[in-house]
Amino acid sequence: MSQDSTRPTSVDQTLVGRTYLPTETYEVTRERIAEFAAATAATHPAHTDLAAARALGHTDVVAPPTFAVLLAQRAEQVYVASPESGIDFSRVVHAEEQFTHHRPIVAGDRLRTVVHVDKILERGPITLVTTRAEISDGADPVATVVSTLAVRGPEEDAA
């Protein structure tokens, strides 16, 4: 495989500490929660049945815990796709993800996500990029998603 991209071929380590704001607010709907639950085989009735969700004390249907990845990856894309990042997404493998929930995500939430570039480490031909997505409802934190991407370097193409 040859490098035919005009993008930089190495991850810019000077971006550690940089913060990226999302482009728009994400509105959580019952339909989006139901679609995500179906796609991930999350079968608890509280994901699709308002009465079941309210019986558990939620104001509306509640998203599966991994739903936060939708918002995190959407916001991370602002950083990953930026030419300054030096990341060629065709060379990316998802390495790790951790969720910290401050409260459940429910239908009707209007959420914003801020992405922080926390760490960039080179390990041979691989660069590990760790980002932290802080999801909030504008006033209070909702979830924190820490993600590590493994970015393969261009020298592996010569092998």
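**Figure 1. Contacts by sequence separation in the predicted model.** In this predicted model, residues 24 or more positions apart make up 70% of the protein's contacts that have a separation of 6 or more. The order of elements along the sequence is β-β-α-α-α-β-β-β-β, a total of three helices and six strands. The C-alpha trace spans about 60 × 30 × 25 Å along its principal axes. The protein has 159 residues, and 38% of them count as buried. About 8600 Å² of the protein is exposed, with 54% of that area supplied by carbon and sulfur atoms. There are 14 positive and 22 negative side chains, and the centres of these two sets are 3 Å apart.

**Figure 2. The largest nonpolar core and phenylalanine 67.** The largest nonpolar core consists of 33 residues. Phe67, Tyr79, Ile87, Ile105 and Ile135 have the most contacts inside this core. At least two core residues come from each of helix 1 (30–39), helix 3 (68–80), strand 4 (110–123), strand 5 (126–136) and strand 6 (141–152). Helix 3 gives the largest share, seven residues. With residues up to four places away in sequence left out, Phe67 touches Tyr26, Val28, Arg32, Ile33, Phe36 and Ile105. Ile105 is therefore both a contact of Phe67 and one of the residues with the most contacts inside the core, where contact means heavy atoms within 4.5 Å.

**Figure 3. Histidine 47, in the loop between helix 1 and helix 2.** Histidine 47 belongs to the loop that joins helix 1 to helix 2 (50–55). Its relative accessible area is 10%, so histidine 47 is buried. A polar atom of the histidine 47 side chain lies 2.7 Å from the backbone oxygen of valine 62. Beyond its neighbours within four places in sequence, histidine 47 is in contact with Val61, Val62, Ala63 and Pro64 and also with Ile33, Ala34, Ala37 and Ala42. Valine 62 thus appears in the view both as a contact of histidine 47 and as the residue whose backbone oxygen lies 2.7 Å from the polar side-chain atom, contact being heavy atoms within 4.5 Å.

**Figure 4. Alanine 41, a residue with a positive phi.** Alanine 41 is also placed in the loop between helix 1 and helix 2. Phi of alanine 41 is near 60°, which is a positive value in a residue other than glycine. Is alanine 41 buried or exposed? The relative accessible area of alanine 41 is 59%, so this residue is exposed. Alanine 41 and proline 64 are 23 residues apart along the chain, and their C-alpha atoms are separated by 9.8 Å.

**Figure 5. Proline 22, between strand 1 and strand 2.** Proline 22 is in the loop that runs between strand 1 (19–20) and strand 2 (26–27). Proline 22 counts as buried because its relative accessible area is 12%. Which residues are in contact with proline 22, leaving aside its neighbours within four places in sequence? These are Arg112, Thr113 and Val114. From C-alpha to C-alpha, proline 22 and arginine 112 are 6.7 Å apart in space, with their positions 90 residues apart in sequence.

**Figure 6. Valine 11, in the segment before strand 1.** Valine 11 is placed in the segment that comes before strand 1. With a relative accessibility of 9%, valine 11 is buried. Its contacts, apart from neighbours within four places in sequence, are Tyr79, Ser85, Gly86, Ile87, Ile120, Thr127, Val129 and Val151. Tyr79 and Ile87 are also among the residues with the most contacts inside the largest nonpolar core. The C-alpha atoms of valine 11 and isoleucine 120 are separated by 8.1 Å, and the two residues are 109 residues apart along the chain.

**Figure 7. Threonine 148 in strand 6.** Threonine 148 is part of strand 6. The relative accessibility of threonine 148 is 11%, so the residue counts as buried. Not counting residues up to four places away in sequence, threonine 148 touches His94, Ala95 and Glu96, and also Leu128, Val129 and Thr130. Val129 is a contact of threonine 148 and of valine 11.

Technical notes: Residues are numbered from 1 along each chain as its sequence is written. This is a predicted model: local features need pLDDT of at least 70, side-chain atom pairs count only at pLDDT 80 or more; totals for chains, interfaces and linings use all residues. Side-chain values use heavy atoms; hydrogens and water are left out. Helices (H or I, at least four residues) and strands (E, at least two) are DSSP runs, numbered from the N terminus. Buried means under 20% relative accessible area, exposed over 50%, partly exposed in between (1.4 Å probe, protein chains only). Accessible areas come from the Shrake-Rupley method with a 1.4 Å probe; for residues, only the protein chains shown count as cover. Lys and Arg count as positive and Asp and Glu as negative; His and the chain ends are not counted. The place of a charge is taken as NZ of Lys, CZ of Arg, CG of Asp or CD of Glu. A nonpolar core is a set of buried Ala, Val, Leu, Ile, Met, Phe, Trp, Tyr and Cys residues joined through side-chain atoms within 4.5 Å. A polar contact is a pair of N or O atoms within 3.5 Å; within protein, one must be able to donate a hydrogen and the other to accept it, and residues adjacent in sequence count only if both atoms are side-chain atoms.
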